[in-house]
Amino acid sequence: MAPADGVKQTRREQILDAAAELFARHGFHGVGIDDIGAAVGISGPALYRHFKSKDAMLGEMLTSISERLLEGGLARVREASDAASALHALVRWHVDFALDDPALITVQMRNLANLTDPDRRRVRALQRRYVEVWVSTLQETVPVDEPTARAAAHAVFGLINSTPHSAHLDRDQMASLLTRMALASLTTAGVLAETVA
């Protein structure tokens, strides 16, 4: 949810960013509305002018993450010159997202169960569409069946999404390492599938 350089955040965006940091650090249930208000310099009750509840805040946060990942993934595939370039662009997109928004990645991984049923269904549908972008791109790039492509995509998400817990390299070095590891894993999936068949 961090804005592009030079773009001023709205109050809603400020609140969501602060909430994401707090939820990532203390867990959804460990954060009160007053904590979020204090983080953005307003009273807890004043937050209700922007969100009807903490649940609504989490719902918008996780829906927004899923929409951004899907839209960004589709755009990168659309702009790529071929399938291999599309796969590389998808990997780099997800790596950049994870490194630039570690709190959002952490909240997404830990808090799906805390969503209301309608929000959970919406987020799950968006996530499934995002996975399908990866599966189809991978299948166009390497000889791999659909179940293997799906398993490989989820495994790579796990690799990339673990980055909030890794602070051993600077950002650019970490991005390069993750991109190489993810691409190696994905392209190896095709080789392994042929070996097993």
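This report describes the fold, the core, one helix pair and three single residues of a predicted model.

## Overall fold

The chain is built from helices. It has 8 helices and 0 strands. Read from the N terminus, the order of elements is α-α-α-α-α-α-α-α.

The chain holds 197 residues, and 44% of them are buried. About 10,000 Å² of the chain is exposed, and carbon and sulfur atoms supply 54% of that area. Among contacts with a separation of 6 or more, 69% link residues 24 or more positions apart.

## The nonpolar core

In soluble globular proteins, nonpolar side chains tend to be buried together. Here the largest nonpolar core has 61 residues. F23, I36, M57, M61 and W134 have the most contacts inside this core.

Which elements give two or more residues to this core? They are helix 1 (11–26), helix 2 (33–40), helix 3 (54–79), helix 4 (83–100), helix 5 (102–110), helix 6 (117–141), helix 7 (146–161) and helix 8 (171–196).

F23 shows what such a core residue meets. Leaving out residues up to four places away in sequence, F23 touches F28, V31, I36, K54, L58, M61 and V107. Two of these partners, I36 and M61, are also listed among the residues with the most contacts inside the core.

## Helix 3 against helix 5

Two packed helices are described by the angle between their axes and the distance between the axes. For helix 3 and helix 5, the angle is about 110° and the axes are 10 Å apart. The range for roughly perpendicular is 65 to 115 degrees. Helix 3 and helix 5 are therefore roughly perpendicular to each other.

Which residues meet where these helices pack? Helix 3 brings L58, M61, L62, I65, S66, R68 and L69. Helix 5 brings L104, V107 and Q108. L58, M61 and V107 also touch F23.

## The annotated region

UniProt, in an unreviewed entry, places the feature "DNA-binding region" at residues 32–51. In the model, this stretch is 40% helix and 0% strand. Its end C-alpha atoms are 14 Å apart. Helix 2 (33–40) falls within these residues.

## Three residues up close

L126 is found in helix 6. Is L126 buried or exposed? Its relative accessible area is 10%, and buried means under 20%, so L126 is buried. Beyond its neighbours within four places in sequence, L126 is in contact with T63, S66, E67 and L70. L126 and S64 are 62 residues apart in sequence, yet their C-alpha atoms are 9.9 Å apart in space.

D101 sits in the loop between helix 4 and helix 5. Its relative accessibility is 9%, so D101 counts as buried. The C-alpha atoms of D101 and I65 are separated by 9.7 Å, while the two residues are 36 residues apart along the chain. I65 is one of the helix 3 residues that meet helix 5.

Q14 is found in helix 1. At 26% relative accessibility, Q14 counts as partly exposed. Not counting residues up to four places away in sequence, Q14 touches Q9 and V40. Q14 and A39 are 25 residues apart in sequence, and their C-alpha atoms are 9.3 Å apart.

Notes. Residues are numbered from 1 along each chain as its sequence is written. This is a predicted model: local features need pLDDT of at least 70, side-chain atom pairs count only at pLDDT 80 or more; totals for chains, interfaces and linings use all residues. Side-chain values use heavy atoms; hydrogens and water are left out. A nonpolar core is a set of buried Ala, Val, Leu, Ile, Met, Phe, Trp, Tyr and Cys residues joined through side-chain atoms within 4.5 Å. Buried means under 20% relative accessible area, exposed over 50%, partly exposed in between (1.4 Å probe, protein chains only). Helices (H or I, at least four residues) and strands (E, at least two) are DSSP runs, numbered from the N terminus. Contact means heavy atoms within 4.5 Å. Accessible areas come from the Shrake-Rupley method with a 1.4 Å probe; for residues, only the protein chains shown count as cover. UniProt positions are given in the numbering used here, feature names are shortened, and annotations may be inferred rather than shown by experiment. Axes are lines fitted to C-alpha atoms, for helices over the stretch in contact, and angles run from 0 to 180 degrees between N-to-C directions. Angles under 35 degrees count as roughly parallel, over 145 as roughly antiparallel, 65 to 115 as roughly perpendicular and the rest as oblique.
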